[in-house]
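Dear colleague,

I am handing over the structure that we talked about, and below it you will find my notes on what came out of going through it. Please read them with the model open beside you.

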Amino acid sequence: MYLSCTLCKKEFNNLVEGVKYSSSAIGVISFCSDKCCRIYLNEKLK
Ligand SMILES: [Zn+2]
């Protein structure tokens, strides 16, 4: 399944790459890489 990264909008295959993050506040969001996940959360939690 192809998903688009929440941060950079790049499309990626979630079976081979990408990370999923979930929290009760944000819900479930997907990123193409661990790096995008960290950047996004840093922005969110600022
Ligand atoms: Zn990304």
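Does S30 count as buried or exposed, and at what relative accessibility? With a relative accessibility of 14%, S30 counts as buried, because the cut-off for that class is under 20%. Please bear in mind throughout that this is a predicted model.

S30 is part of strand 4, which runs over residues 27-31. Leaving out residues up to four places away in sequence, S30 touches L3, S4, C5, T6, F12, V19 and K20.

As for the chain as a whole, its secondary structure consists of one helix and four strands, and these follow one another along the sequence in the pattern β-β-β-β-α. The C-alpha trace spans about 30 × 20 × 15 Å along its principal axes. The protein chain has 46 residues, of which 26% count as buried, and its accessible surface comes to about 3400 Å², with 53% of that belonging to carbon and sulfur atoms. If one takes the contacts between residues at least 6 apart in sequence, 25% of them join residues that are at least 24 apart.

Helix 1 covers residues 34-44, and its buried residues are C36, C37, Y40 and L41. These lie on the same side of helix 1, because they cover an arc of only 125° around the axis. K35, R38 and N42, by contrast, are exposed on the other side of helix 1. As to what the buried residues of helix 1 pack against, the partners are strand 3 (19-23) and strand 4, the latter being the strand in which S30 lies.

Helix 1 also holds a charged pair, and it may help to recall that side chains of opposite charge can pair when their charged atoms come close. D34 forms a salt bridge with R38, and the closest N and O atoms of the two are 2.9 Å apart. Since D34 and R38 are four residues apart in helix 1, they are separated by about one helical turn. D34 counts as partly exposed, at 44% relative accessibility, while its partner R38 is among the exposed residues of the helix. The count of salt bridges comes to one, although the protein chain has 7 positive and 4 negative side chains. The centres of these two sets of charges lie 5 Å apart.

Two further residues deserve a look, one in a strand and one in a loop. N13 is found in strand 2, where it counts as buried at 17% relative accessibility. Once its neighbours within four places in sequence are set aside, N13 is in contact with M1 and Y2.

The other residue is K9, which is placed in the loop between strand 1 (2-4) and strand 2 (11-13). Most residues other than glycine have a negative phi. K9, however, has a positive phi of about 70° although it is not a glycine. K9 is also exposed, with a relative accessible area of 56%, whereas N13 in strand 2 is buried.

With kind regards

Technical notes:
Residues numbered from 1 in each chain as written. Predicted model: local features only at pLDDT ≥ 70, side-chain atom pairs only at ≥ 80, totals over all residues. Heavy atoms only, no water. Helix = DSSP H or I, 4+ residues; strand = E, 2+ residues; numbered from the N terminus. Buried < 20%, exposed > 50% of the residue type's maximum accessible area, 1.4 Å probe, protein only. Contact = heavy atoms within 4.5 Å. Arc of directions from axis to C-beta. Areas by Shrake-Rupley, 256 points an atom, 1.4 Å probe, with all protein chains shown as cover. Lys, Arg positive; Asp, Glu negative; His and termini not counted. Charge placed at Lys NZ, Arg CZ, Asp CG, Glu CD. Salt bridge = Lys/Arg side-chain N within 4 Å of Asp/Glu carboxyl O.
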